[in-house]
Structures are given as structure tokens and as C-alpha cells.
Amino acid sequence: MPVPPHAQVTVRAPAKINLGLSVGPPRPDGFHPLATVYQAVALYDDVTATLREDDADVTVEVLGDFADDVPTDDSNLAVRAARLLQSEYDVEEGVDLTIRKTIPVAGGMAGGSTDAAATLVACNRLWGLQLSQSDLERLAADLGSDVPFCLVGHTALGRGRGEQVTEVLSRGTFHWVFAIADGGLSTPAVFKELDRLRPLRRVEAPEVRPELLSALLSGQPAALAVALSNDMQDAALSLRPELAATLQFGLDQGALAAMISGSGPTCLFLAADSRSAVDLAVELSESGLCRMVRQAEGPVPGARILPAPISR
Ligand code: C5P
């Protein structure tokens with residue numbers, strides 16, 4: 001039987017990349033202070049939330065490319081997002097969540113955070129909570145450092161542990177290619193490796209490079225290419241040395257820049273335009289260096305409700 005529209009909401013939320021990721025020494029709570037510039041790119045997970053009127057259970061089903069890599073127990077970040085809303089606002093109804101994944105799991109692209117952001121937006125509508133964007137951003141920060149950015153999208157500066165986001169002006173559209181590696185990297189493990197590799201007393205407070213902000217304002221890919229940076233890259237390469245060959249291959253094929261995405265292991269490449277991105281994606285696909293290749297442009301908006309549920 002078809003479900004009435006008010007009983008089902010689908011939200012689409014984007015992956016993130018870090019155009020600059022500067023990491024300070026660990027804080028007493030174990031988190032690392034960051035100065036990062038996030039960009040949301042057009043690789044999406046869709047979360048469909050279907051109302052359970054008779055009980056307060058939260059269930060999750062995961063479909064798509066990376067479904068087998070996603071936990072479906074209480075550790076699932078989308079489940080935690082729904083439960084957080086239930087407990088904060090005394091919600092007595094439940095929800096069945098269906099996640100259609102195209103964002104790699106543990107790939108340094110905020111796949112889990114994206115699903116949590118999408119779930120907050122979906123359940124807010126489904127349960128008629130009428131929470132404001134700033135309420136949602138506060139809850140998002142409790143769920144994970146990247147979750148507030150996944151709500152707002154576009155291009156933004158992230159401070160604190162990454163959860164304090166403010167919009168950054170960016171002109172035009174950039175064309176990205178992603179080489180998705182076999183297996184993931186655990187974010188805490190990469191932070192730990194970074195601390196092991198760096199003499200901590202010499203680590204400075206995190207800063208965003210001014211040339212990155214001016215490159216974004218210019219909208220010029222060539223300017224952006226020389227302004228990208230990622231403090232976590234050496235740590236990710238230390239744990240997965242084979243990724244260096246993937247980065248080099250992309251550069252040899254004409255990418256303007258090659259970098260590890262966030263904590264990795266996804267490699268990202270900046271192309272001069274959409275045509276060069278297609279060419280690069282083809283070469284990478286044929287290289288056998290990665291599990292799969294995706295192209296996406298950025299920036300794009302954050303989590304948003306789709307007009308109608310997508311049929312299976
Ligand atoms: O915030 P989130 O739950 O996504 O972070 C996962 C883990 O990554 C944290 O438990 C912490 O070990 C590490 N982390 C960090 N500094 C940050 C963000 C995350 O050390 N700014």
C-alpha cells in the first residue's frame with residue numbers, strides 16, 4: 001500500500017572534502033583543534049525516514065555501493081541522530097530509516113556524518129518538531145565534528161574540532177575526481193599517526209591559508225590547485241603508502257592537484273574543467289589503482305528535503 005506523503009520524508013545530503021586542513025596539537029579532551037575549509041561536493045547519500053506510529057523503535061536498512069561496510073546497530077550515526085532527537089524532544093513515535101549510499105564509508109568524505117545530518121533534517125519534518133537550523137546545528141555538533149557542516153553545505157570554514165562552521169565566499173564551480181580505495185581508514189587512527197609523526201611541541205595553532213580563501217574568491221582552479229593543503233596527508237600515507245602512487249598517477253594524467261581527502265584513504269584530484277575531469281576519471285578507472293572512481297562538482301548545498309520519495 002502506498003505510504004501517505006506526510007509519513008515519509010527523503011533527504012539528500014552531500015559528501016564533504018577539506019580544501020585546507022590544518023591540525024593543532026591534541027586538546028585535553030583528545031580532539032584536535034582544526035582550521036579547515038570544507039566544501040560540499042555532488043556525491044550524495046539519500047536517507048528516507050518512514051514513520052512508525054505504533055512504537056518508538058528506530059531501525060535502519062542500508063542500500064547501495066557501500067552497504068556492506070555500514071553497521072546497522074546502535075553505532076550507526078543515523079540511528080544515533082534519530083535517538084538524540086527522540087530523547088531531547090520526548091518523541092513517542094519511531095522511524096524506519098533507509099540509507100542509499102554513494103559516499104564511501106570511512107573514506108575521509110564524512111559519509112557517516114552526512115547520514116546523521118540527513119536524518120536530523122528528515123526526522124525534524126517527519127515528527128513535526130519544527131526545529132530551527134540553529135537547533136539542528138547544535139544537535140549535529142553532539143553527533144560528530146563534521147555533522148554541522150553536512151547540514152549547511154556549500155563552502156565553509158570549520159573551527160574548534162571542526163563543528164563551528166561559518167560560510168566562506170566561493171565563486172564558480174570546481175571539478176573534482178575521487179579515487180576510492182579498497183577498505184577505509186579509521187579517523188582516530190589517522191589522528192594518532194599524525195601525533196606520532198610530529199614532534200608535538202613544534203605544532204602550531206591551526207590556521208587557514210589566506211591564499212586558499214583568495215583562490216576560492218577568484219574561482220580559478222589553477223589558483224586553488226596551489227592553495228590546497230592537508231596536514232593529515234602524511235599520516236594517511238604512512239598508514240597506506242600505496243596511495244602515493246594513486247596521487248602521482250593523477251598528476252601524471254593532468255590533474256591540477258592531487259591530495260588525500262580528509263583522513264583518507266580517498267584520493268581527490270582537481271581538474272581544470274568538466275572535460276578534463278571525465279578524461280582523468282577514465283584513466284584512473286583503467287589504472288586498476290583504486291576500487292572505483294567518481295566525479296563530482298562543488299560547492300553544492302547541504303542536507304535538503306527531496307520533493308518526493310524515491311521509489312526502490
Ligand atoms: O567528531 P567525530 O566523532 O567524527 O570524531 C571521530 C574521532 O576522530 C574522535 O573521536 C577523535 O579521535 C578524532 N578527532 C580528533 N579531532 C577532531 C575531530 C576528530 O581527534 N577535530
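Two strands pair if DSSP finds at least two bridges between them. Keep that in mind for the hairpin stop on this tour of a predicted model.

**Start with the whole protein**

Show the full chain as a cartoon. You should find 10 helices and 12 strands in the protein. Its C-alpha atoms fill a box of roughly 55 × 45 × 35 Å along the principal axes. A compact globule of 312 residues would have a radius of gyration near 20 Å, and the protein, at 19 Å, agrees with that. Buried residues account for 49% of the 312. If you draw contacts between residues at least 6 apart in sequence, 77% of them join residues at least 24 apart.

Now colour by confidence. The mean pLDDT of the protein is 95, with 97% of residues at 70 or more. For the complex, the predictor gives an ipTM of 0.97 and a pTM of 0.95. One reading tip: where pLDDT is low, the predicted coordinates should not be read in detail.

**Next, the ligand**

Select the ligand and show the side chains around it. Begin with Gly30, Phe31, His32 and Leu34, which are among the residues of the shell. Then add Gly144, Ser145 and Asp146, followed by Arg161 and Gly162, also part of that shell. Finish with Thr187, Pro188 and Phe191. Which helix gives the most to this shell? Helix α5, residues 187-197, does, with 3 residues. Colour the shell by character and you will get 4 nonpolar, 6 polar and 2 charged residues.

**Then the β9–β10 hairpin**

Select residues 257-260 for strand β9 and 267-271 for strand β10. The two strands pair in the antiparallel sense over 4 bridges. Click on Ala258, and look across to Phe269, its bridge partner in β10. Turn on the β9 side chains: Ala257 and Met259 point one way, Ala258 and Ile260 the other, and all are buried.

Now follow the chain through the turn. There are 6 residues between the two strands of this hairpin. Stop at Gly262 in the turn, where phi is positive, at about 55°.

**Last stop: Pro301**

Select Pro301, in the loop between β11 (292-298) and β12 (304-305). Is Pro301 buried, exposed or partly exposed? Pro301 is partly exposed, because 13 other C-beta atoms lie within 10 Å. Leaving out residues up to four places away in sequence, Pro301 touches Ala40, Gly153 and His154. To end, draw a distance from Pro301 to Ser87: they are 214 residues apart in sequence, and their C-alpha atoms are 28 Å apart in space.

Note on methods
Residues numbered from 1 in each chain as written. Predicted model: local features only at pLDDT ≥ 70, side-chain atom pairs only at ≥ 80, totals over all residues. Near = placed C-beta within 6 Å. Nonpolar A, V, L, I, M, F, W, Y, C, P; charged D, E, K, R; others polar. pLDDT = per-residue confidence, 0-100. Buried ≥ 20, exposed ≤ 12 C-beta atoms within 10 Å, placed from the backbone. Rg over C-alpha atoms; globule rule 2.2 N^0.38 Å. Contact = placed C-beta atoms within 7 Å.
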